[in-house]
Amino acid sequence: MALDKILSIGGKPGLYKLLTQTRGGFVGESLLDGKRVTVGLRSNVSVLSEIAIYTLEEEIPLKEVFQKIKEKENGKKTSISHKADKIELEEYFFEILPNYDEDRVYASDIKKIIQWYNILLDNNITEFVEAERDAEEPTVSASEEEE
């Protein structure tokens, strides 16, 4: 399942899978307990594929941050809890993204990212960027290599 079908709903814990859209909003299913919720259009909803993290140079898509965590943790859950102290969270995130903007990325953001990553892993959603990398790499034919 792609991150464009995974939602964060303001005021509700965890992440939600988009099931269907309705006239007044949409129906989502919690990745934590499987309960369904109906959410109105006025709710604060974020699609994970649209979230980016500030760095000193640019914004990095959340899917790339998840991929970096996956590589650091060898595909396992994070070695740190999202409930860890602010300093520990910042040190961990600095290992993942050394150039993140400390003034604009708060400890609460890091907590969410770690928690979301672990929720996605629990639900076997682990393909963050591989499929897109293959599509972005240009294919080179044998005749072009010889030139």
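I will talk about the aromatic pairs in this structure and then about one charged patch on its surface. Please keep in mind throughout that what we have here is a predicted model.

Let me begin with the rings, of which the structure holds 4 aromatic pairs. One of these joins Phe 93 and Tyr 100, whose ring centres are 5.0 Å apart and whose planes stand at 75 degrees, so that the pair counts as edge-to-face, the term used when the planes are over 60 degrees apart. As for their surroundings, Phe 93 is buried at a relative accessibility of 0%, and Tyr 100 is buried as well, with a relative accessible area of 3%.

Another pair is made by Tyr 117 and Phe 128, and this one is tilted, with 6.0 Å from centre to centre and 40 degrees between the planes. Tyr 117 sits in helix α3, which covers residues 107–122, while Phe 128 belongs to the loop between α3 and α4 (130–136), and the pair therefore ties together parts that lie 11 residues apart in sequence. Both of these residues, Tyr 117 and Phe 128, are buried. They also belong to a cluster, in which ring pairs link them with Phe 66.

Now to the surface, where a patch of negative charge brings together Glu 57, Glu 58, Glu 59 and Glu 64. Which element holds Glu 59? Glu 59 is found in strand β7, which runs over residues 59–61. With a relative accessible area of 48%, Glu 59 is described as partly exposed, because the word exposed is kept for values over 50%.

Key
Residues are numbered from 1 along each chain as its sequence is written. This is a predicted model: local features need pLDDT of at least 70, side-chain atom pairs count only at pLDDT 80 or more; totals for chains, interfaces and linings use all residues. Side-chain values use heavy atoms; hydrogens and water are left out. Patches are made of residues with over 30% relative accessible area and no salt bridge: like charges are joined within 9 Å, nonpolar side chains (Val, Leu, Ile, Met, Phe, Trp, Tyr) within 5 Å. Accessible areas come from the Shrake-Rupley method with a 1.4 Å probe; for residues, only the protein chains shown count as cover. A salt bridge is a side-chain nitrogen of Lys or Arg within 4 Å of a carboxyl oxygen of Asp or Glu. Lys and Arg count as positive and Asp and Glu as negative; His and the chain ends are not counted. The place of a charge is taken as NZ of Lys, CZ of Arg, CG of Asp or CD of Glu. Helices (H or I, at least four residues) and strands (E, at least two) are DSSP runs, numbered from the N terminus. Buried means under 20% relative accessible area, exposed over 50%, partly exposed in between (1.4 Å probe, protein chains only). Rings of Phe, Tyr and Trp (its six-membered ring) pair if their centres lie within 6.5 Å; planes under 30 degrees apart count as stacked, over 60 as edge-to-face and the rest as tilted.
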